[in-house]
Amino acid sequence: MLGTALLSRSQNLTQTIRGTVIDKDTRMPLMGASVLVRSMEPQIGTITDENGSFRFDGLPIGRHTLLVEFIGYNEALLSNLELTSTRELTLQVLLEEKVLQMNTAVVVGRKDKTSTINSSISVSGRTFSIEESQRYAGSRGDVARMAQNFAGVQGSDDSRNDIVVRGNSPTGVLYRLEGVDIPNPNHFASAGTTGGPVSMLNNNVLENSDFISGAFPAEYGNGVAAVFDLGLRKGNNETHEFLGQIGFAGFEAMAEGPINKKKQSSYLVNARYSTLKAFSIMGLDFGTGTAVPDYYDLTFNLNFPDKKGAWSMFGIGGNSNIAFIQSSGDSENLYSDQGEDLTYGTATGFVAIQRFQRLSKNSFLKLMLATDAGQVRTVVDTFVMNDQEIAIDQGPRYRNRSYDGKNAFVVNYQNKLNAANTIKAGTRVYRHFFNLTDSAFSGSYNRWVRLTDYRGSTYSMQVFGQWQHKFSERLSMNTGMNTLLFTLNNSFSVEPRFGLVYKVMKETSVNIGYGLHSQIPAFRIYFFEPEDEAGNRRSINQDVKPYKSHHFVLGVNQRTGEHSRVKVEAYYQHLFDVPVDAGSETYYSYLNQGADFGIEFTENLVNSGTGRNYGIELTAERFLHKGFYYLNTLSLYRAFYTDINGNEHPTAFDNRYALNLLAGKEFWLKKDTKAKQKSFTADLRYMLNGGRRYTPVNEELSREKQEEILDWSQIFSKTRDPYYRFDLRIAFKVQSKKVTQEWGVDIQNLTNHQNLFRTVYNPRTNEYSEIYQTGLLPIMLYRITF
């Protein structure tokens, strides 16, 4: 019987699950924790060693569920973990100590899968897995596009991954990587924005992370809309593993493995190069006309643990270029204006060194030094078409070759005083540096006019303190304070934060959150120096201070089963000290900026504007179980701003509603005679958003001036037709002992529905032309790991 069992086992594809169990607040290893593989029949288990480590060799590939228990701690249930034949599954399990100790080894109160990695988040938070970003239809492997499935989140347009969260401008989104604020992590990014067409955040190197859509804890500053708190995977410290991939984001290669097995140090390196040229040859339209984006990026993470903690070094860098040459017959697109040839390029780099230091069994310190820089290269030339539709050169219009960045010093301290009380404190000091040079050709002056010519630096600093208190297993509180100092004009803000979670019943919790948040506007508004006819230049907007927002959130989370839940959240946000124009452009508000390339601003900005966002969100979700999941969200909201005169208008992001229906099924096929395991997945998504806001054209004045002029008295008073599309993703995976291969196709806009993006008015013909968003777009994927 034993021989038969071993023979049967040898024919199965197997792999290893290993990891460590640590205290969630102190990061100390927990020796003696019980780890049980519940997905095995019969179940098998082990006990963690003195380093908190556990290991299961020879597990069959597929989906596994682990139960982790330790006396005096809430248990953790890790459900439906995917184990493949060519990659070990390495886990870090965080256990939370119970407030009330019980004289029994049986622990009640299972870890809720809906909870966040950061236990200080009380409301509007969600943990997402990297597998979700890979499998959700329409996500293109992009965490920002994946987040558009969450309640309160929608995209600005198909061509970019900017996200509008609860009616806020995308400029209010904060990206943080391994505890350090990072610049716009996208190709073709521009200063002051947070989105772009293609993300540099490669989901193959990220680990499970948190997304927060409002009232975030005190440790997050200089952001008013949402937070991506991202983590990087550490490389395998025992075995070298490799990945190759071809997809929308590019040709990709990744390697990871041990640097020194004895010291458990590891490396992880990933490089990508654009594949869109290949898509263009196939005749696919991805929203850029005949222009083909060209880009590449690199991500790395080096980790060197020791007895007292660990050193790590990580970074991201990328470069991108594109040329829209409409004078040679390129069709209109979402980026360049009528009668313009545009060449655009960007470069972004970020690198950090981090030290994690254990101070005692209950406390630790994180020290980080980081630097980042971004460059923008822009060339705009103009032309007109004659009666024979031949382009006539009208000369150059605009040139820009600028870069900016920051140096960062970050200190974070955490101490678990006891099971009921944990404190966090820290500071972030940023030196922002600039080399900004751009100019435009003035027809009035008949010469080039320098718009910006600034070289220098300024500082910002944040200090925060945070306290978590657990009154009982049912009631916990997170409270704290963040401060923001901006030395350019010595502005200073004090921002209290508060959160409360009350478990009314075992399956029901009520969440309350409040926060005052602030954000420094895009730096370019401070250094623009307009030039008059005599060549005299003057500084503007030097006194503009960070704008602020009060967040109020009330939510109810109801578990409807072991693998499902319903969540409802209502919110109200009051924005104030918003930069608005005190001159002739009285309609302007900074709240309408950020969903395009660059930030528009005026010369007379003052902090006199306000805004308000309010809404209610519904989430109905089934976590992956027996191969099936769904995520359905509905958001109803409004977003308004007031101008310098106190008049209230809808913002550019007041789309009023967003509906997302997402579901997927995974099928494991019977193994063939060659001992290959095959699986098939299908994911379908339906998205419905309220129509985009727009400002109508003043046709009479446009014909008089022979250029398109908007009717600013009706700013954002009109809405386009609702936006909707279906997305379908199908993937087929084949696993053998040494190689795993996956083929997939992600079809965006399955029905080829024509969603209107904008209209362009031609004053010569008194006609409008329509520009549509992306139509049917099949994106192929091939991935191999070995």
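Me: In this predicted model, what makes a stretch of residues a strand, and where does that place Pro42?

Reply: A strand is a DSSP run of E covering at least two residues, with numbering from the N terminus. β2 (34–37) and β3 (44–47) carry strand labels of this kind, and Pro42 is in the loop between them. The peptide bond that leads from Glu41 to Pro42 is cis, its omega being near 0 degrees.

Me: Why is Asn490 called buried or exposed?

Reply: The term exposed applies over 50% relative accessible area, and Asn490 has 61% relative accessibility, so Asn490 counts as exposed. Asn490 lies in the loop between β27 (475–486) and β28 (491–505), and has a positive phi of about 55 degrees although it is not a glycine.

Me: Why is Phe716 called buried or exposed?

Reply: Buried means under 20% relative accessible area; the value for Phe716 is 14%, and therefore Phe716 counts as buried. Phe716 is found in the loop between α6 (699–705) and β38 (718–719), and its phi is positive, about 55 degrees, although Phe716 is not a glycine.

Me: How do you know that β1 and β7 pair?

Reply: Pairing requires at least two bridges between two strands; seven bridges join β1 (residues 14–23) to β7, so the two strands pair, and they run parallel. Among the partners, Gly19 has Leu91 in β7 as its bridge partner.

Me: What makes β4 and β7 the edges of their sheet?

Reply: The open sheet has three strands in the order β4-β1-β7, with mixed pairing. β4 (53–60) and β7 (89–95) each have a single partner strand, so one side of each is left without a neighbour in the sheet. Neighbouring strands of this sheet are turned by 25 degrees against each other on average, direction ignored.

Key:
Residues numbered from 1 in each chain as written. Predicted model: local features only at pLDDT ≥ 70, side-chain atom pairs only at ≥ 80, totals over all residues. Heavy atoms only, no water. Helix = DSSP H or I, 4+ residues; strand = E, 2+ residues; numbered from the N terminus. Buried < 20%, exposed > 50% of the residue type's maximum accessible area, 1.4 Å probe, protein only. Axes fitted to C-alpha atoms, helices over the stretch in contact; angles between N-to-C directions.
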